[in-house]
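Look at the structure shown here together with its sequence. The report below goes through the surroundings of the bound molecules and then turns to a few loop residues.

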Amino acid sequence: MQSRINHLAIIMDGNGRWAQRQGLPRLKGHEMGARAAKRIVEDAKARSIKYLTLYAFSSENWNRPREEVEGLFSLMERFIAEEVDRLRQSGICIHVIGDLSRFSLRLQDTIRRTLDETKDNTDLHLAIALNYGGRDEIVRAVKGLMQNGVSPDDVTEQSFSTRLDTSFMPDPDLLVRTGGEWRISNFLLWQLAYTELYFTPTLWPDFDSATLDEAIAWFGSRQRRFGMTGEQVGGGRP
Ligand code: IPE
Ligand code: IPE
Ligand code: MG
C-alpha cells in the first residue's frame, strides 16, 4: 500500500507485556521488538515513506530496573552492529535524536561511526530516539539559543525548530502508538502539534505490515484542517 505519509513516528510500546503474557522475561519482548523494528523499516521504505522516527529509549526509561536498562543497551548495540551494512546497502540514512552525552564513550563512538557510514543515503531517513525526551530536547534548544546570545526578536517558530534534534525532518504526519496506552510519554512534544494520532492495542512485537496498513488506511480517512474549515481544505472526510 502506498501512502501520503512523508514522516511516520512510532512509539514502540508493549514489549514487556508481550513477553509476560507468554511467561517469558521482559528482555525477550525487547528482542522481539527489535525484530519488529527491522521489519517496519523495510515496510516503511516499500511504502515510499521518507522519514521514520522510532522511539527506542526515553529519558525516563533510565528509571527501569538496572538489568532491563543494561539488557536494552546491549540489544541496541547488537542491533546497530548487525544491521548497519544492510541498512547502508538498502539506501537508509540513520539519524539519532536525543541526548547522547549520557551514554558510554564507546557507545557514542559506535553511534557516530554508524551515522557516518549511512550519511549519503536518501531513500529513507530513519531517526532512532535514544535517551530522548521532548521536554529535555526543548530545554537543550533554549540553552543553545541563550549560549549563542540569540536576540528575542530573532526567535521564531521556524528558527526555534532548527535548534531541535529533528531539524533535518518535517513534522510527523502520523504518530502510531502500539500497546494500548493513549499517551505521548514525552515524545516529540513540539513536533506533534498537527500530527494525526493513532493508538492501537497491538503490542509492538506483533506489529507487522498488515497493522501498519491499517494505520495508513485510517490516516487516509482523516481530513487535516490545520485550523481552517473543512470547506477551505476540501477533499478527505467531511
Ligand atoms: C517499549 O516496551 C520498549 C521500551 C520502552 C524500551 P515496554 O518495555 O514499555 O513494554 P510494556 O509497556 O512494559 O509492555
Ligand atoms: C514510551 O514507552 C517510551 C518508548 C517506547 C521508548 P513507555 O513504556 O516508557 O511509556 P510509559 O512509561 O508507559 O508512559
Ligand atoms: Mg511501556
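The shell around ligand 1 in this predicted model divides by class into 3 nonpolar, 5 polar and 4 charged residues. Its members are M12, D13, G14, N15, G16, R17, R26, H30, A56, N61, R64 and L72. Two helices, α1 (15-21) and α2 (26-46), each supply at least two residues of this shell. The largest share comes from α1, with 3 residues.

The shell around ligand 2 has 5 nonpolar, 2 polar and 4 charged residues. The residues that surround ligand 2 are I11, M12, D13, Y55, A56, F57, N61, R64, R177, R183 and S185. Here it is β2 that gives the most to the shell, with 3 residues. The strand β2 covers residues 51-58.

Where do the two ligands lie? The space taken by ligand 1 is the largest pocket, and ligand 2 sits in the largest pocket as well.

The table lists polar contacts of the two ligands.

| Ligand atom | Protein partner | Distance |
|---|---|---|
| oxygen of ligand 1 | polar backbone atom of N15 | 3.1 Å |
| oxygen of ligand 1 | polar backbone atom of G16 | 2.9 Å |
| oxygen of ligand 1 | N or O atom in the side chain of R64 | 2.7 Å |
| oxygen of ligand 2 | N or O atom in the side chain of N61 | 2.9 Å |
| oxygen of ligand 2 | N or O atom in the side chain of R183 | 2.8 Å |
| oxygen of ligand 2 | polar side-chain atom of S185 | 2.6 Å |

For ligand 1, the contacts listed with N15 and G16 use backbone atoms, while the one with R64 uses the side chain. Taken alone, ligand 1 exposes 380 Å², and the protein buries 86% of that.

For ligand 2, the listed partner atoms belong to the side chains of N61, R183 and S185. On its own, ligand 2 has 390 Å² of accessible area, of which the protein covers 77%.

The next topic is backbone angles. Most residues other than glycine have a negative phi. Which phi does S48 have? S48 is not a glycine, and its phi is positive, about 60°. This residue lies in the loop between α2 and β2. Is S48 buried, partly exposed or exposed? Its relative accessibility is 43%, so S48 counts as partly exposed.

L188 is not a glycine either, and has a positive phi of about 45°. It is found in the loop between β5 (174-177) and β6 (196-199). L188 counts as buried because its relative accessibility is 1%, and the cut-off for buried is under 20%.

One more loop residue can be placed. L203 lies in the loop between β6 and α7 (209-220). Is L203 buried or exposed? L203 has a relative accessible area of 6%, so it is buried. In sequence, L203 and A46 are 157 residues apart, and in space they are 22 Å apart, C-alpha to C-alpha.

Note on methods: Residues are numbered from 1 along each chain as its sequence is written. Chains are lettered from A and ligands numbered from 1 in the order in which they are written. This is a predicted model: local features need pLDDT of at least 70, side-chain atom pairs count only at pLDDT 80 or more; totals for chains, interfaces and linings use all residues. Side-chain values use heavy atoms; hydrogens and water are left out. A residue is near a molecule or strand if one of its heavy atoms lies within 4 Å of it. A polar contact is a pair of N or O atoms within 3.5 Å; within protein, one must be able to donate a hydrogen and the other to accept it, and residues adjacent in sequence count only if both atoms are side-chain atoms. Accessible areas come from the Shrake-Rupley method with a 1.4 Å probe; for residues, only the protein chains shown count as cover. On a 1 Å grid over the protein atoms alone, a cavity is a set of points where a 1.4 Å probe fits but cannot get out, and a pocket is an open set with protein on both sides within 12 Å along at least five of seven lines; lining residues have an atom within 4 Å of a point. A molecule sits in a cavity or pocket if more than half of its atoms lie within 2 Å of its grid points. Helices (H or I, at least four residues) and strands (E, at least two) are DSSP runs, numbered from the N terminus. Ala, Val, Leu, Ile, Met, Phe, Trp, Tyr, Cys and Pro count as nonpolar, Asp, Glu, Lys and Arg as charged, and the others, Gly among them, as polar. Buried means under 20% relative accessible area, exposed over 50%, partly exposed in between (1.4 Å probe, protein chains only).
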